[in-house]
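These are my notebook entries on a single structure. I looked up burial, sheets, cysteines and unusual backbone angles in turn.

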Amino acid sequence: MLEQQIDQANACVDEQKPVLTKMADTIFDHPEIGPNEFFAVRLLTDYLTAHGFQVEQGVGGIPTAFRAIWKNGEGGPNLGLLCEYDALPGMGHGCGHHMQGPCILGAAAAIQKAAGAKPFTLTVYGTPAEENLSGKYLMIQNGCTFEELDAALMMHGGPATQTDIKCLAIAKYNLAYHGIAAHAALQPESGRSSLDAMCLAFHGMECLREHVADDVRLHYNILDTGGTPANVVPSLTRAEILVRADKVSAVRALMVRLEKIFQGAAMMTETRTEIKVTKVLDNKIPNLHLNDLLMKYARILGAPNCQPPRKKTGSTDFANVMHRVPGSCIRVAFVEKGATAHSQEFLDAGKTTDAHKAIVYGAKILASTVLELVDQPEELQAIQQEFKERLAEEQK
């Protein structure tokens, strides 16, 4: 029975391919920076509404976030498909997010078409602004926790077809120092330099590097000195600060030390500091059962360049979802080996035949995985048990 359902789902994806790939190309041609992806959201939600999903927009306090629900009877598991659709500032779709929504819609339609008698709920989440604001983090902060889901799945393009077992946790600061402007030659004694304070903060971070674990990454850059000329003591300096580590617990411990440095720099320069944490993204909690299930279908379908899971990645707001429900993202190859996200290679490949194939492979992989989880509840139980064990270990 499951095999027949999967065959039916795959056929449905193939039938939908022209619609899905045209939608992806259209989103690619209309890049939008989050949280203003109104064009993409309209395309995606119109499709879902036409396919019988109950669509709620503005979820989690973000106008371009949405939740779409379809029920196959009453009861059973609630399985989630998440997608992003934001572009990169100044670049466009250089990370492949234009592929995600159409892929998820293709999977959703295929699951509907092949749904058997067993009850379940299918929930599609649209999660905006991953690149610049970490939309899933904001949605969670605003009360949309995703915790009604029994599992959460995503798709992303890449140079290989694979899953992840790791990503770095991260905290981001907007740091500002407020001083007193003065003419640097005529009244230097009356000035209090915000730039001096920022330089001391950066130096403190450099001193900290010697006394942190090997996995820690510290990044900083000045954003603004208010256009102050060189002969004026600047009264305002702003910077962006990032701290990364393998575990979010380590990041939070480092934040305490960093904030002492920030305050100390203000004390030394008699300036006032403004410290704002804009986000804290968790490290991923891998689910090997779920990873293996996704890769099983990737190999059955003959997806290109199947590889072992990635062990070194950056940071993602999907990790915050994975601290609440079991989750995994299938990455599907559409660019050459060595190509990295946020690159010209990703941008150049955005509307290629390989990108279109990746959408189809991803939709089939996700649909097959969901159908198996519905058909074989013991698999979902094993996934949830692994999640509970790994979460408990993470919290020690």
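**Entry 1: a glutamate in a helix**

I began with the cut-off for burial: a residue counts as buried under 20% relative accessible area, as exposed over 50%, and as partly exposed in between. I note here that the model is predicted.

Is Glu-386 buried or exposed? I found a relative accessibility of 8% for Glu-386, and because this is under 20%, the residue counts as buried. I located Glu-386 in helix H11, which spans residues 377-394. I then listed the contacts of Glu-386, leaving out residues up to four places away in sequence, and obtained Pro-286, Asn-287, Leu-288 and His-289.

**Entry 2: the six-stranded sheet**

I traced an open sheet of six strands and recorded the order S1-S2-S4-S3-S5-S12, with mixed pairing. Which strands stand at the edges? I identified strand S1 (54-57) and strand S12 (327-333); each has a single partner strand, so one side of each is left without a neighbour in the sheet. Ignoring direction, I noted that neighbouring strands of this sheet are turned by 20 degrees against each other on average.

Within this sheet I examined the pair formed by strand S3 (residues 78-83) and strand S4 (residues 120-126), which is parallel and has six bridges. In that pair I saw Leu-82 opposite Tyr-125 of S4. I next looked up what packs on the sheet and found helix H3 (residues 97-114), which touches strand S2 (66-72), S3, S4 and strand S5 (151-158). For the direction of H3 against that of S3, I recorded an angle of about 155 degrees.

**Entry 3: the four-stranded sheet**

I traced an open sheet of four strands as well, with the order S8-S10-S6-S11 and antiparallel pairing. I placed strand S8 (217-224) and S11 at its edges; both have a single partner strand, so one side of each is left without a neighbour in the sheet. The twist I noted averages 20 degrees from one strand to the next.

How many bridges join S8 to strand S10? I counted seven between S8 and S10 (residues 236-245), and the two strands run antiparallel. Here I found Ile-222 standing opposite Ala-239 in S10.

I then looked up the helices that lie on this sheet. Helix H5 (residues 194-209) packs on it and touches strand S6 (169-178), S8 and S10. The direction of H5 makes about 170 degrees with that of S8. I also found H6 lying across S6, S8, S10 and S11, at about 10 degrees to S6.

**Entry 4: a threonine in the edge strand**

I selected Thr-273, which is found in strand S11. At 15% relative accessibility, I entered Thr-273 as buried. Which backbone atom lies 3.3 Å from a polar atom of the Thr-273 side chain? I identified the backbone oxygen of Ala-176. Leaving aside neighbours within four places in sequence, I listed the contacts of Thr-273 as Leu-175, Ala-176, Tyr-177, Phe-262, Gln-263 and Ala-266.

**Entry 5: cysteines**

I searched for disulfides and found zero in the structure. Why does Cys-12 form no such bond? The closest cysteine sulfur, that of Cys-103, is 13 Å from the sulfur of Cys-12, whereas a disulfide needs the pair within 2.5 Å, so the distance is too far for a bond. I recorded Cys-12 as buried, at 7% relative accessible area.

I repeated the check for Cys-199, whose closest cysteine sulfur belongs to Cys-207 and is 13 Å away, too far for a bond. I entered Cys-199 as partly exposed, with a relative accessible area of 40%.

**Entry 6: backbone angles in loops**

I looked up the peptide bond from Gly-34 to Pro-35 and found it cis, with omega near 5 degrees. I placed Pro-35 in the loop between helix H1 (2-29) and helix H2 (38-50).

I noted a positive phi of about 55 degrees for Glu-270, which is not a glycine. Glu-270 lies in the loop between helix H6 (248-269) and strand S11 (272-281). I recorded Glu-270 as exposed, at 57% relative accessibility.

Asn-305, likewise a residue other than glycine, has a positive phi, near 50 degrees. I located Asn-305 in the loop between helix H7 (288-301) and helix H8 (318-322). Is Asn-305 buried, partly exposed or exposed? With a relative accessible area of 34%, I entered Asn-305 as partly exposed.

Terms used
Residues numbered from 1 in each chain as written. Predicted model: local features only at pLDDT ≥ 70, side-chain atom pairs only at ≥ 80, totals over all residues. Heavy atoms only, no water. Buried < 20%, exposed > 50% of the residue type's maximum accessible area, 1.4 Å probe, protein only. Polar contact = N/O pair within 3.5 Å; in protein donor to acceptor, adjacent residues only side chain to side chain. Contact = heavy atoms within 4.5 Å. Pairing = 2+ DSSP bridges. Axes fitted to C-alpha atoms, helices over the stretch in contact; angles between N-to-C directions.
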